[in-house]
Every structure is written in C-alpha cells, then in structure tokens.
Amino acid sequence: MARDTVRRGLWATVVALVLSGAIAFAGWVAFGDDGEVGGRAARIPWATGSPAPEPSGPEETPPGGGLPAPGQESGTPSASPSASPSADPSASQDDSSESPGQSPSAAPSAAPPPGFHTEDDPAGFALAVPDGWDRTVEGPSVFYTSPDQDTRLQIFELHGPESTPYESAREAERLASRQRGYERITLERTGQGEMDPAELEYTYDSEKYGGVRHILDHRFAAPDGTMYAVLVIGPDDDRAGQQEIQTAALDSFHRT
C-alpha cells in the first residue's frame, strides 16, 4: 500500500513537471524569451528556416528613386514613368472641350501674355512664367511657385520605360490614384498621332493644404524627341487661372 502511494506520488510529480515545461514553452512561443514580440508568436526554437516576412505598414507613395511622385505634400504631385507599365491598358480617352495648349515648338510662337515673362531656365528650356514667382529645384523637377505658395508650375523630363506621352500619363495616373480622395477628370491624347501630347487632370485631398488640390498634367515630346511634363498644381476653385498659367507655359516652351 505504501509502495503504491509512493508510485502515485512519483507519477504526479512527473506529470506536473511535464505540464509546467509545456506551459513555459507555450509562453515562449507566444511572447518570446524577453517579453511580447509585437503581438505575434515568436519563432519556434528549433525551426531552421527563415521566419516569415512581417507584414508592412500602410502602403506609401513610392519615391520613384528621386523622381517626382504623385500627390506628395512636398508639392510634386505627378510622377515620371516608372518601371511598371500602365496598370490599366484599357483606360479610356475622355473627351474634353478644353485643351491648355498644343505641342510646344522649337521656338516660342508669341510673346508672353501680360503678367508673364519668359524665363530662360538653367535646366535647358525656356517658357513663360507668372511675374513674381520663385524658382526652386526638387530632385529632377523645376518649380515656379506663387508668392502665396498656393500654386506651383512644375517641369521635368520624362525618362522611360514608357515611350509615348500618353503611356507616361497613364502611368502617372496609376501612381496618383493611390492618393486620398483621388478623382480623375481627364486622361486623353490631344491628337491622333502616337507621339501627340497627352493630358491628365485630376484632384485629390491634401492634408498639407487642408483641402482639395487640382492638377493639370500635360506631357509631350519636343522636336528632338525629349519628352517633358508641364504641370500646374493649385486649389480646386481656380481651374481657369491654372489653365491660363499652363497655356502660357506650353505656348512659349522651347529647348535652349
């Protein structure tokens, strides 16, 4: 009888030790050996493979290797073409009764309108710019900004892989559409030829500016084949003023 009691006592001790070890291991797997690990189970000690990749945070606008990115609150809302082709090859060409300029020629066709002057930009081009606007450079983009900082004229070269202005505009929309409150107004060619200019017009919600921003994005090929984007970025309630600025810039644009 005493022997049975001792045997039962030994078994109880063994079971208790096993259970306590299992509980301790389960706690290590769930929380790691030094406390909680981001609310996820820690890696099993004897696993030989690499741990599964951790989920990333909310997707941010890709920086594009220093190229302009759509909707960035730095004031660079359009993107040069990236390595990805357009995500929507069937994107329709919307009709638009208003077109802020045609393909720029090798030389300016007319004097700038009142309130503008021709700027011979160090980046290798000239165009009409509103009087009193300040020039800055951010990455590959040249900006001319209004005194109140609310409206900007942006110019930059396009560098593939998209080979036409329209393909570039479609890729720009793919990136811009990630912005909060994005709404397309127009995406179209301004002519029938493959290298004719393309226009993208859209709005998005800006946290920096505390309201809706309106973008006019015109992409075209210069006579030597170099492709450019000329954008006007401003408040949503001043579309007519933005069109005047873009038309003046495009009508006078030429390489130097």
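Q: In what order do the helices and strands of the protein run from the N terminus on?
A: This is a predicted model, in which local features need pLDDT of at least 70 and side-chain atom pairs count only at pLDDT 80 or more, while totals for chains, interfaces and linings use all residues. Residues are numbered from 1 along each chain as its sequence is written, and side-chain values use heavy atoms, without hydrogens and water. The protein has 3 helices and 10 strands, taken as DSSP runs (H or I, at least four residues, for helices; E, at least two, for strands) and numbered from the N terminus. Their order is α-β-β-β-β-β-α-β-β-β-β-α-β.

Q: Which strands stand at the edges of the open sheet of 7 strands?
A: The sheet has the order E3-E4-E5-E9-E8-E7-E6, with antiparallel pairing; two strands pair if DSSP finds at least two bridges between them. An edge strand has a single partner strand, so one side of it is left without a neighbour in the sheet. These strands are E3 (134–138) and E6 (183–189).

Q: How many bridges join strand E7 to strand E8?
A: E7 covers residues 198–206 and E8 covers residues 211–221, and the two run antiparallel. Ala 198 stands opposite Arg 219 in E8. The number of bridges is 9.

Q: What is the mean pLDDT of the protein?
A: pLDDT is the predictor's confidence in each residue, from 0 to 100. Of the residues of the protein, 57% reach 70 or more. The mean is 72.
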